[in-house]
Amino acid sequence: MEPKDAAMIFPYKMTDEDTANLIKLRASNEALFTGKRNASKIAWRAVIKEMGLQGKVTSGQASKKWENLKKKYKELKFPPGGMGAGADITAASWHWFYLMNEAMEGRLSASAPALSTVSYGEDEPDSPGMVPCRAQSRKRRREVEKSEMLEFLTSEAGREESPGMEVKEGDSLEMYAEREEAESERVALETERERVGLEAERVGLHIQRAGLERELAAMDRDRAALEREKAGVDRDRAAVERDRALLEKDRASMERERAAMDRDWALLEKERAALERERAGLQRDKEAAKHGALEVKNDAPALELDAESLERRERFLSLFEKLIEKL
């Protein structure tokens, strides 16, 4: 079938408004594209229905459109070596760069309605007008599918200038079918790799969180141990303060007792001195008694002392001296 005939079957080409809606709907419904089998196809059907393009665009065309936009965005955002400011198309000149940048960075997640794929079956066709009825022969169905693919590749190669997808004369429809299948497998593989990477990152974050929780629990245990040690130190400090107060009290009592002892000692010394004077006087009296008379200062009259009175006085002084020594 000629490309002209294929264009007659699918004459519709997306407008700029359609492309903008497709980008916003795809970004807002990222959760529908899980990477599971047929999930992407069913999600694109929901997007096409929301855009009002049923019967005009297939899920494969919408998916390819998105992949081409994403590929072009990545090429302009991260240009390979040798493609600098001198390139024909740059990020500043490409019409969809800003919108794709917003979508890829997650800032369009609420820019369009959230869709549901519950009412879509895996075997449901994109549009009744696009799929032949069961009465058609298998050969006719293959021709229609190949025509769809050829028209799509031809239109996309002209609009997006996607490398590797250019339609050349002499290429068979089977080759394009194989390319389309390989591209779909590549997209599915990339999606699966992204999903596996996200899952690995989630597991890593979970492990990191568990480690942080263990460290937090260990810190709590250490804090509790420090609190217990602090309480023990406070108790010991209080006991030391009590002991110090008792020591101060005992010291004050000892100081008072020492002062009393010093006073008593001073009295004893005073009494001992008086006793010594008394003994000296007694000795003089005894000497005088031996000679029969006592001499008194200032010409005092002489007193007669008998030997018995002097002896009694001497015994009294001895007893008093012994008492002082015991004290």
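This is a short talk on the helices, packing and salt bridges of one protein chain in a predicted model.

Some ground rules. Residues are numbered from 1 along each chain as its sequence is written, and side-chain values use heavy atoms, with hydrogens and water left out. Because the model is predicted, local features need pLDDT of at least 70 and side-chain atom pairs count only at pLDDT 80 or more, while totals for chains, interfaces and linings use all residues.

Let me start with the overall picture. The protein chain has eight helices and zero strands. Helices here are DSSP runs of H or I with at least four residues, strands are runs of E with at least two, and both are numbered from the N terminus. Of the 327 residues, 27% count as buried. Buried means under 20% relative accessible area, exposed means over 50%, and partly exposed is in between, with a 1.4 Å probe and protein chains only. The chain exposes about 23400 Å², and carbon and sulfur atoms supply 53% of that area. Accessible areas come from the Shrake-Rupley method with a 1.4 Å probe; for residues, only the protein chains shown count as cover.

Now contacts. A contact means heavy atoms within 4.5 Å. Among contacts with a separation of 6 or more, residues 24 or more positions apart account for 71%.

Next, confidence. pLDDT is the predictor's confidence in each residue, from 0 to 100. The chain has a mean of 77, and 72% of its residues reach 70 or more. Where is confidence lowest, and where is it highest? The low end is helix α1, residues 3-9, at a mean of 44. The high end is helix α2, residues 16-28, at 93. Residues 158-171 stay under 50, and the model has 29 contacts for them beyond four places in sequence. Residues 299-304 are also below 50, with three contacts beyond near neighbours in sequence. Where pLDDT is low, the predicted coordinates should not be read in detail.

On to the helices. Take α3, residues 39-51. Its 13 residues should span 18 Å at 1.5 Å a residue, and the end C-alpha atoms are 19 Å apart, which agrees. The expected span is 1.5 Å times one less than the number of residues. Buried residues in α3 include W44, R45 and M51. The buried residues of α3 pack against α2 and α4. Just after α3, G52 takes a positive phi of about 75 degrees.

Helix α4 follows. It should span 27 Å over its 19 residues, and its end C-alpha atoms are 27 Å apart. Of those 19 residues, 14 are buried, so α4 is mostly covered. Q61 lies in this helix, and Q61 is buried at 9% relative accessibility. The Q61 side chain reaches the backbone nitrogen of T58 at 2.9 Å.

Then α5. Why call it largely enclosed by the rest of the structure? Because six of its eight residues are buried. Among them are F97, M100 and E102. Their cover includes α2 and α4. Just after α5, G106 takes a positive phi of about 80 degrees.

Last topic: salt bridges. The rule is a side-chain nitrogen of Lys or Arg within 4 Å of a carboxyl oxygen of Asp or Glu. How many does that give? The count is 16.

First example: E183 with K64, closest N and O atoms 3.5 Å apart. E183 is in helix α7, residues 173-291, and K64 is in helix α4, residues 59-77, so this pair links distant parts of the chain, 119 residues apart. Both E183 and K64 are buried.

Second example: E105 with K77, at 3.9 Å, N to O. E105 sits in the loop between α5 and α6 and K77 in α4, so the pair ties together parts that are 28 residues apart in sequence. E105 is partly exposed at 40% relative accessibility, and K77 is partly exposed at 32%.

Third example: D220 with R223, closest N and O atoms 2.9 Å apart. Both lie in helix α7, three residues apart, about one turn of the helix. An α-helix has 3.6 residues a turn, so residues three or four places apart point the same way. D220 is partly exposed at 39%, and R223 is partly exposed at 44%.

One more item, a network. Salt bridges that share partners join K64, E183, R186 and E190.

Technical notes
Polar contact = N/O pair within 3.5 Å; in protein donor to acceptor, adjacent residues only side chain to side chain.
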